[in-house]
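This report is meant for a reader who is new to the structure. Please look over the sequence and the model before reading on.

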Amino acid sequence: MRLGAAPLVDAGPPPASNYLIGPGDNVNIIVWRNPEVSQSVPVRPDGKITTPLVEDLEAAGKTPTALARDIEVALAKFIQQPVVTVIVTGFTGIYSEQIRVIGQAARPQALPYRRGMSLMDVLIAVGGVTEFAAGNKATVIRTVEGKQQQFRVRLNDLIKEGDISANVAMRPGDVLVVPESFF
């Protein structure tokens, strides 16, 4: 932990935003009255999708509605006035909005952000911390106004003591760093 890292305090709910499709998501594409071109497809690691009649269309970083409009434009060459609906069925999200957990977590990983997600939710998803974790020395790295800042969090107080005041709101793009304790 860096000296001078401020404690992370709950600043209320994150600003409202629409879900952005990311690599690893699954999208269900429904073309009204055209079942032969309707199907569920994964978003490839390069952020693109391929469907019947539409190849290599960028999907990552778009809302489902924006992607539906792009598919309609592409299909208009083959179908008169296509009406497309896109439903995201598997959620990963774009990388910049995932929460990453590194260090002495039981299962370090990147998690898709969900509105209202708290520090406790993140700890449950990664299976808690290892016996070697220095939980009260953990930090959250968060981008605030374009600059990365580091904030202290109290994992031991939350997990072992049940101190609910240590349960703070997480934000898209947060990185939870759980250091190892030195005996």
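The text below describes a predicted model, beginning with its nonpolar cores and then turning to a helix and two individual residues.

**Nonpolar cores**

The largest nonpolar core holds 23 residues, and the members that touch the most others are Val101, Leu119, Val122, Val153, Leu155 and Leu176. Two or more residues of this core are supplied by each of strand S7, helix H2, helix H3 and strand S11. Helix H2 provides the largest share, namely three residues. Another core, separate from this one, is made of 20 residues, including Val37, Leu57, Leu67 and Ala68.

The elements that give two or more residues to the largest core are set out here.

| Element | Residues |
|---|---|
| Strand S7 | 99-103 |
| Helix H2 | 119-125 |
| Helix H3 | 155-159 |
| Strand S11 | 175-178 |

Valine 153 has contacts with residues beyond its neighbours within four places in sequence: Leu8, Leu119, Gly135, Asn136, Ala138, Thr139, Val140, Val168 and Leu176.

**Threonine 139**

One of these contact partners of valine 153, Thr139, belongs to strand S9, which covers residues 139-144. Threonine 139 counts as buried because its relative accessibility is 2%, and the cut-off for a buried residue is under 20%. Its side chain is joined to that of glutamine 150 by a polar contact of 3.1 Å.

**Helix H1**

Helix H1 spans residues 64-75, twelve in number. From its first C-alpha to its last, H1 reaches 16 Å, close to the 16 Å expected at 1.5 Å a residue. Its buried residues are Leu67, Ala68, Ile71, Glu72, Ala74 and Leu75. Viewed down the axis of H1, these buried residues lie within an arc of 165°, so they line one face of the helix. They pack against four strands: S2 (26-31), S4 (48-51), S5 (54-58) and S6 (84-90). Two of the buried residues of H1, Leu67 and Ala68, are also among the members of the second core.

**Asparagine 26**

Strand S2, against which the buried residues of H1 pack, contains asparagine 26. Is this residue buried, partly exposed or exposed? Asparagine 26 is partly exposed, because its relative accessible area is 30%, and partly exposed residues lie between the limits of 20% and 50%. Setting aside neighbours within four places in sequence, asparagine 26 is in contact with Val41, Pro42, Ile87, Val88, Thr89 and Gly90. One of these partners, isoleucine 87, stands 61 residues away along the chain, yet the C-alpha atoms of the two residues are separated by 8.6 Å.

How values were computed:
Residues are numbered from 1 along each chain as its sequence is written. This is a predicted model: local features need pLDDT of at least 70, side-chain atom pairs count only at pLDDT 80 or more; totals for chains, interfaces and linings use all residues. Side-chain values use heavy atoms; hydrogens and water are left out. Buried means under 20% relative accessible area, exposed over 50%, partly exposed in between (1.4 Å probe, protein chains only). A polar contact is a pair of N or O atoms within 3.5 Å; within protein, one must be able to donate a hydrogen and the other to accept it, and residues adjacent in sequence count only if both atoms are side-chain atoms. A nonpolar core is a set of buried Ala, Val, Leu, Ile, Met, Phe, Trp, Tyr and Cys residues joined through side-chain atoms within 4.5 Å. Contact means heavy atoms within 4.5 Å. The expected span of a helix is 1.5 Å times one less than its number of residues. The arc is that of the directions from the helix axis to the C-beta atoms.
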